[in-house]
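Good morning, and thank you for joining. I would like to take you through the architecture of one chain, beginning with a helix pair and ending with the sheets.

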Amino acid sequence: MTVVQVGPLMPFLVAALEADHGARRLPDEFADGAFDDVTVAVTSGRTGVDAALMARLPKLRAVINFGVGYDTTDVAEATRRGIVVSNTPDVLDDCVADTAVGLTIDVMRGLSAADRYVRRGDWPAHGNPPLARKVSGARVGILGLGRIGQAIAQRLTAFGCDISYHNRNPKDVSYRYVASPVALAEVVDVLIVAVSGGAHTRGLVSADVLDALGPRGFLVNVSRGSVVDEDALVAALVEGRLAGAGLDTFADEPHVPPALFDCDRVVLTPHLGSGTEETRRAMADLTLANVARFLTDGTLVTPVSGS
Ligand code: 8YV
């Protein structure tokens, strides 16, 4: 069986894949025609394996994804071809939820903006910055109450926040279910996006949802940039029709709309939700466990549903 890497991966994962499986990187390290041997592709949510690449890997049987999100891999096409797909659920829930809470506090309290204020020397020159908004007790809406959404809710419950959510189906939880994203945005101070990416959630946070949040509302996104109508978001922020946004993900990463660079009501982070040493190691371990299991008996430790 030939294992290959598709797209850039964490250095410690690359080292283990090379040492344990002799896994080289596609396509740069493979000559034309050498693709016939490939049976296992290890990739990340950043790159994935699309239908065109599957067509060039006729013996491919498994796509092992580093990351919980696998929207860059064509799971329907994989299923059609008898290719199984795995991801890395659970192990990153804490860190992504921590990031969501961090962005919520930062954008509502204006911490990063205040840091810039101090560094610019504005404090002695202009006095105290404008007042911020209170996080404890705020009305929080969570879009997507999966494992990460529930970890966010649990943390913000400890802040005394009033939690509502929208999900494809209501869950057996004590938080209030709201029937649509617009209706949810209408009744909260901050909307936190935690749905999975892909065709089913593309543009879910539409201009209408942003209007419903309104000039006192905040948006936090730790999911995928594709879930938000980014043009509508930029317009709402620049025109002051939204109070602020904490954004870890963007439509065209690593590119961020330049109009946001000068906007103090936005906190911008470079898709670092799971980016701690501990969690990335755990994700790499689970990725390697999936490779090992597949090579041993053809099954996966954490298959994605539908594959
Ligand atoms: C990773 C993520 O950084 O797990 C995910 O879906 O978005 C992040 O944890 C990313 O997948 C690595 O490419």
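Let us begin with helix α4, residues 93–109, and helix α7, residues 147–157, which in this predicted model pack with their axes 8 Å apart and at an angle of about 55 degrees. An angle between 35 and 65 degrees falls outside both the roughly parallel and the roughly perpendicular ranges, and α4 and α7 are therefore oblique to each other. Their crossing is right-handed.

Which residues make this contact? On the α4 side they are Asp 93, Asp 94, Val 96, Ala 97, Asp 98, Ala 100 and Val 101. From α7 come Arg 147, Ile 148, Ala 151, Ile 152, Arg 155 and Leu 156. Sorted by class, the contact of α4 with α7 comprises 8 nonpolar and 5 charged residues, with no polar ones.

I turn now to a second helix pair. Helix α1, residues 11–21, and helix α11, residues 277–297, have axes that come within 10 Å and cross at roughly 25 degrees. With the limit for roughly parallel set at under 35 degrees, α1 and α11 are therefore roughly parallel to each other. The crossing of α1 past α11 is right-handed. In α1, the residues involved are Phe 12, Leu 13, Ala 16, Leu 17 and His 21. They meet Arg 280, Arg 281, Ala 284, Thr 287, Leu 288, Val 291 and Leu 295 in α11. The class count for the contact of α1 with α11 is 8 nonpolar, 2 polar and 2 charged residues.

Next, the sheets. Strands of a sheet pair through backbone hydrogen bonds, in either a parallel or an antiparallel manner. One open sheet has 5 strands in the order β2-β1-β3-β4-β5, with parallel pairing. Its edge strands, each paired on one side only, are β2 (24–26) and β5 (84–86). From one strand to the next, the twist averages 30 degrees.

Within this sheet, strand β3 (residues 38–44) runs parallel to strand β4 (residues 62–66), and 5 bridges join the two. Opposite Val 42 stands Ile 64 in β4. The helices of the second pair both appear here again. Helix α1 lies across β1 (2–6), β3 and β4, and runs at about 165 degrees to β1. Helix α11 also packs on the sheet, where it touches β1, β3, β4 and β5, and its direction makes about 170 degrees with that of β4.

What is the strand order in the open sheet of 7 strands? The order is β8-β7-β6-β9-β10-β11-β12, and the pairing is parallel. At the edges are β8 (176–177) and β12 (266–268), each of which pairs on one side only. Strand β7, residues 162–166, runs parallel to β8 and is joined to it by 2 bridges. Tyr 165 has Tyr 177 in β8 as its bridge partner. Helix α10, residues 230–238, lies across β10 (218–221), β11 (244–247) and β12, and runs at about 135 degrees to β11.

Finally, the division of the chain. The domain assignment gives domain 1 as 2–91 + 277–297 and domain 2 as 93–268. Taken over C-alpha atoms, the centres of domain 1 and domain 2 are separated by 32 Å. How many residues does each domain bring to the contact between them? There are 7 residues from domain 1 and 7 residues from domain 2.

Definitions and conventions. Residues are numbered from 1 along each chain as its sequence is written. This is a predicted model: local features need pLDDT of at least 70, side-chain atom pairs count only at pLDDT 80 or more; totals for chains, interfaces and linings use all residues. Side-chain values use heavy atoms; hydrogens and water are left out. Two strands pair if DSSP finds at least two bridges between them. Helices (H or I, at least four residues) and strands (E, at least two) are DSSP runs, numbered from the N terminus. Contact means heavy atoms within 4.5 Å. Axes are lines fitted to C-alpha atoms, for helices over the stretch in contact, and angles run from 0 to 180 degrees between N-to-C directions. Angles under 35 degrees count as roughly parallel, over 145 as roughly antiparallel, 65 to 115 as roughly perpendicular and the rest as oblique. A crossing is left-handed if the near helix is turned anticlockwise from the far one by less than a right angle, and right-handed if clockwise. Ala, Val, Leu, Ile, Met, Phe, Trp, Tyr, Cys and Pro count as nonpolar, Asp, Glu, Lys and Arg as charged, and the others, Gly among them, as polar. Domain bounds come from an automatic or database domain assignment.
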